[in-house]
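Me: I have a structure to read and would like to learn how to go through it feature by feature. Can we start with the loops?

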Amino acid sequence: MGERTMDKTATTQLPLAVERRNDGMALDLDWVRGVQANTSAIERRAATLPARRSVKKDYQAAWLLKAITCIDLTTLAGDDTPGRVRRLCAKARHPVRGDLLTALDMPPITVGAVCVYHDMVSMAVQNLAGSGIPVAAVSTGFPAGLSPFHLRVEEIRESVKAGADEIDIVISRRHVLTQNWQALYDEMRAFREACGDAHVKAILATGELGTLRNVARASLICMMAGADFIKTSTGKEPVNATLPVTLVMIRAIRDYYQRTGLRVGYKPAGGISKAKDALVYLAMIKEELGDRWLQPDLFRFGASSLLGDIERQLEHHVTGAYSAAWRHGMG
Ligand SMILES: O=C[C@H](O)COP(=O)(O)O
């Protein structure tokens, strides 16, 4: 991602070809078992990227605006209230102050989606009406995914009925840890079927999968079973999105695309709260998957506080001064 390419077109939505949805394929265990992950090479590559790629000034502002359009603006707290979700939805519609957009000579933008628990779906749907911003619901016993299977499937159906456009399911980590690939595939298939037309993001909870090889294999199984997106984490594991895990998952996406012609999206989530980190993620996607994956239909950040820091950086870019972080509260 050289600076030369990081002009204001970074924020422009490319005209998207009508993309065929990933319907998945039969479970191919030979392919799955053949997947390896060279941990030291992956960690080395991930460690060098932040130093090799940096963008400044107008280019940086353009890429930060691009990042905003890819945020699943999230609140997943036990004390969520209708008021908080209302404020979050207002922020989703107008994530950047009008005067900053004017100074940057940019049109209005919105975030990629609003992400909530099932109970808050109808409130979010109501508050986003007419905006075109999708509502995503975390589901299937999020975050641990250990409630009875039929209830997990039913939870998906309830959220779809309440108006959710996207469902973020959690996989059963034990299927990965015991290498029960058939069980993981069947579970994911059932979740995808329950989603119907709603798009499904498969949360792998990578911090609980033990090895990068397990992450690679679980990514592949979920794509074979029809995931529209693969997502790193719930935000509740001790370790959430990381660059090595990102490299493994996006290379699995590339491999799946090369073999099937089907594009699956990627969502790093959990602990991404700084604008500079968001830029590193975008650089990695651009290098490994190319520009087509830098659109909100194929890339999202799952983040509750990233937008606040991006707004601070944009304000600094325009005015030369930093505002206090508390001025950019999300809910
Ligand atoms: O899916 C989104 C995550 O739960 C958000 O995590 P975060 O609060 O660390 O940004």
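Reply: Begin with glutamine 179, which is in the loop between α8 (173-177) and α9 (181-195). This is a predicted model, and phi of glutamine 179 is near 60°, a positive value in a residue other than glycine.

Me: Is glutamine 179 buried, exposed or partly exposed?

Reply: Count the neighbours: a residue is exposed if 12 or fewer other C-beta atoms lie within 10 Å of its own, and buried if there are 20 or more. Glutamine 179 has 13 other C-beta atoms within 10 Å, so it is partly exposed.

Me: Which other residue has a positive phi although it is not a glycine?

Reply: Aspartate 105 does, with a phi of about 60°. Aspartate 105 sits in the loop between α5 (98-103) and β2. With 8 other C-beta atoms within 10 Å, aspartate 105 is exposed.

Me: What joins phenylalanine 142 and proline 143?

Reply: Read the omega angle. Omega is about 5° here, and the bond between phenylalanine 142 and proline 143 is a cis peptide bond. Proline 143 belongs to the loop between β3 and α7 (149-161).

Me: What should I look at in helix α8?

Reply: Take histidine 175, which lies in helix α8. Its count is 19 other C-beta atoms within 10 Å; that is below the 20 needed for buried, so histidine 175 is partly exposed. Leaving out residues up to four places away in sequence, histidine 175 touches Asn180, Ala183, Leu184 and Glu187.

Me: How far is histidine 175 from glutamate 154 in space?

Reply: Keep the two kinds of distance apart. Along the sequence, histidine 175 and glutamate 154 are 21 residues apart; in space, their C-alpha atoms are 21 Å apart. Another pair to read this way is serine 305 and leucine 177: they are 128 residues apart along the chain, and 31 Å separates their C-alpha atoms.

Me: Now the strands. How do I read the pairing of β1 and β2?

Reply: Look for the direction and the bridges. Strand β1 (residues 71-74) and β2 run parallel and are joined by three bridges. Threonine 74, for example, has cysteine 115 in β2 as its bridge partner.

Me: Which strand is joined to β2 by three bridges and has residues 135-138?

Reply: That is β3, and β2 and β3 run parallel. Within β3, valine 114 has valine 135 as its bridge partner, and valine 116 has alanine 137. Between the two strands the chain passes through helix α6 (residues 121-127), and this β-α-β crossover is right-handed.

Me: How does β3 pair with strand β4?

Reply: The pairing of β3 with β4 (residues 166-170) is parallel, over three bridges. One position to check is valine 138, which stands opposite aspartate 168 in β4. With α7, these two strands make a right-handed β-α-β unit.

Me: Which faces of β2 and β3 are covered?

Reply: Examine the residues on each side of a strand. In β2 (residues 113-116), both faces are covered: Ala113 and Cys115 are buried on one side, Val114 and Val116 on the other. In β3, both faces are also covered, with Val135 and Ala137 buried on one side and Ala136 and Val138 on the other.

Me: How many residues are in the largest nonpolar core?

Reply: That core has 101 residues, and Val114 and Ile230 have the most contacts inside it. For isoleucine 230, list the contacts beyond four places in sequence: they include Ala202, Leu204, Met249, Ile253 and Tyr266.

Me: Which residues surround the ligand?

Reply: Among them are Thr74, Cys115, Thr234, Gly302 and Ser305. Sorted by class, the shell has four nonpolar, eight polar and no charged residues. Two names return from the strands, since the bridge partner of threonine 74 in β2 is cysteine 115.

Me: Where is serine 305 found?

Reply: Serine 305 is in the loop between β8 (301-303) and α13 (306-319). Its count is 17 other C-beta atoms within 10 Å, so serine 305 is partly exposed.

Notes
Residues are numbered from 1 along each chain as its sequence is written. This is a predicted model: local features need pLDDT of at least 70, side-chain atom pairs count only at pLDDT 80 or more; totals for chains, interfaces and linings use all residues. A nonpolar core is a set of buried Ala, Val, Leu, Ile, Met, Phe, Trp, Tyr and Cys residues joined through C-beta atoms within 7 Å. Two residues are in contact if their C-beta atoms, placed from the backbone, lie within 7 Å. A residue is near a molecule or strand if its C-beta atom, placed from the backbone, lies within 6 Å of it. Ala, Val, Leu, Ile, Met, Phe, Trp, Tyr, Cys and Pro count as nonpolar, Asp, Glu, Lys and Arg as charged, and the others, Gly among them, as polar. Helices (H or I, at least four residues) and strands (E, at least two) are DSSP runs, numbered from the N terminus. Two strands pair if DSSP finds at least two bridges between them. A crossover is right-handed if, with the strands pointing away from the viewer, the path from the first strand over the helix to the second runs clockwise.
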